[in-house]
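Visitor: I am new to this structure and would like to be walked through it slowly. Please show it to me before I ask anything.

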Amino acid sequence: MRTEIVYEDDAILVVYKPAGLATQTASVGCQDVVSELKNYIRQAEKKAGKNQRSAPYLGVIHRLDQPVEGLLVFAKNPKAAAGLSAQLRKQEEDAGFCKHYYAVLYGGAVEANGELEDYLCKKDGRAEIVECRSERQEVPGRDAAGRDSRAEEVEKAQGRQNDKEARLQYCILQTVDISEIAPTDIRTEPGGVNQIGDRMTQGGIAPEDIGPEPCGLHQSHVRITHGEIALADIRLETGRFHQIRAQMAHGGMPLLGDLKYGNEESMEAGRKLNVRNVALCAYRLEFLHPVTGRKTDFRINPKGEVFSLFSQF
């Protein structure tokens, strides 16, 4: 099983999904996290001598794109699924569910930390930024030719219903000049080990993790220039399709290894560094346990080789 179990109890499963493995797929014969976990649950039930007449229950709460690695939480019963899903729907209201990502960015001029706010629409398998989401204006009922002049406004308004607000906060942690980096400078495994679960805590943050906030940089601005990459800490405030990849690219900071949203320079840098997947890791997951109500906080270090270029890993 490529999926790694980070934590399990009677209500939830927290797992690490490796880059390249789909969360859930309809393709026949293709393995995914959901099928692996259902097989895992089936085997566990068999060992425990439980009734196996029905398929194992597994509630999918959220997903990660196939080329992205990181943490996911699944529910093992409908009640837990309902509780987690309710938190996820209210994540914009700081209801307990929070997702944090590490991303490796290329190019563009950015502040050390900031917020991106856009409107996204999904089109042909891509998330597209809506440049202008104009407000509806009052118009007369009929024009000079006797046509209903509101028809065009209604049509535009209906088209905007699929536009969804997307917000995220980012913080640049470190920049690296890649102009003199050789492929041998990239470790196979960051820190020499995967460290899955090494920084996992429940009911709060481990003492060794308490320190200055990562955005507490001395400089007020960080400029990523040609030939430089940057490690960013990203916190999602909304959960939209391809949100991080689309918003960061639109802001002039495409992710390394992103063939869908990257530009020519970022893709060339990705090839130079042999980045085989999108350089994005869902490294931290916070939520309230759906049964106990206890705050849980799970963390991992990314496995992607490009992350080893930064001193923090």
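Visitor: Which residues of helix H5 are buried?

Guide: Please keep in mind that this is a predicted model. Helix H5 spans residues 264–272, and a residue is called buried when its relative accessible area is under 20%. In H5 that description fits Ser266, Ala269 and Gly270.

Visitor: How wide an arc do they cover around the axis, and on which side of H5 does that put them?

Guide: An α-helix has 3.6 residues a turn, so residues three or four places apart point the same way. The buried residues lie on the same side of H5, because the arc they cover around the axis is only 100°.

Visitor: Which exposed residues does the face turned away from the buried side of H5 carry, and which strand is included in what covers the buried residues?

Guide: The face of H5 turned away from its buried side carries the exposed residues Glu264 and Arg271. As for the buried residues of H5, what covers them includes a strand made of residues 98–106, namely S5.

Visitor: Which residue caps the N-terminal end of H5, and what phi is found just after H5, at Asn274?

Guide: At the N-terminal end of H5, a side-chain oxygen of the capping residue, Asn263, lies 3.2 Å from the backbone nitrogen of Glu265. Just after H5, Asn274 takes a phi that is positive, at about 55°.

Visitor: Stepping back, how many helices and strands does the protein chain have, and what share of its residues is buried?

Guide: The secondary structure of the protein chain comes to 5 helices and 14 strands. Among contacts with a separation of 6 or more, residues 24 or more positions apart account for 73%. The chain has 313 residues, and the buried share of them is 45%.

Visitor: How do strands S1 and S2 run where they are joined, and which residue in S2 does Ile5 stand opposite?

Guide: Strand S1 (residues 4–8) and strand S2 (residues 12–17) run antiparallel and are joined by 4 bridges. They form a hairpin with 3 residues between them. Within this pairing, the residue of S2 that stands opposite Ile5 is Val15.

Visitor: Is Arg167 buried or exposed, and which side chain does it make a polar contact with?

Guide: Arg167 has its place in strand S9, which covers residues 164–177. Its relative accessible area is 14%, and because buried means under 20%, Arg167 counts as buried. The polar contact of its side chain, at 3.3 Å, is with the side chain of Glu165.

Visitor: How many disulfides does the structure hold?

Guide: A disulfide is a covalent bond between the sulfur atoms of two cysteines. Cysteines are present in the chain, including Cys98, which is buried with a relative accessible area of 7%, and Cys281, which is buried at 0%. The number of disulfides that the structure holds is nevertheless 0.

Visitor: How many bridges pair S13 with S14, and what is the bridge partner of Leu285 in S14?

Guide: Strand S13 (residues 280–288) pairs with S14 in the antiparallel sense over 5 bridges. The two form a hairpin with 6 residues between them, and Gly293 in the turn has a positive phi of about 75°. S14 is mostly covered, with 4 of its 5 residues buried, and the bridge partner that Leu285 has in this strand is Phe298.

Visitor: What separation lies between the C-alpha atoms of Glu305 and Val275?

Guide: Glu305 lies in the segment after strand S14, and at 26% relative accessibility Glu305 counts as partly exposed. Glu305 and Val275 are 30 residues apart along the chain, while the separation of their C-alpha atoms is 7.5 Å.

Note on methods
Residues are numbered from 1 along each chain as its sequence is written. This is a predicted model: local features need pLDDT of at least 70, side-chain atom pairs count only at pLDDT 80 or more; totals for chains, interfaces and linings use all residues. Side-chain values use heavy atoms; hydrogens and water are left out. Buried means under 20% relative accessible area, exposed over 50%, partly exposed in between (1.4 Å probe, protein chains only). The arc is that of the directions from the helix axis to the C-beta atoms. Contact means heavy atoms within 4.5 Å. A polar contact is a pair of N or O atoms within 3.5 Å; within protein, one must be able to donate a hydrogen and the other to accept it, and residues adjacent in sequence count only if both atoms are side-chain atoms. Two strands pair if DSSP finds at least two bridges between them. A disulfide is a pair of cysteine sulfur atoms within 2.5 Å.
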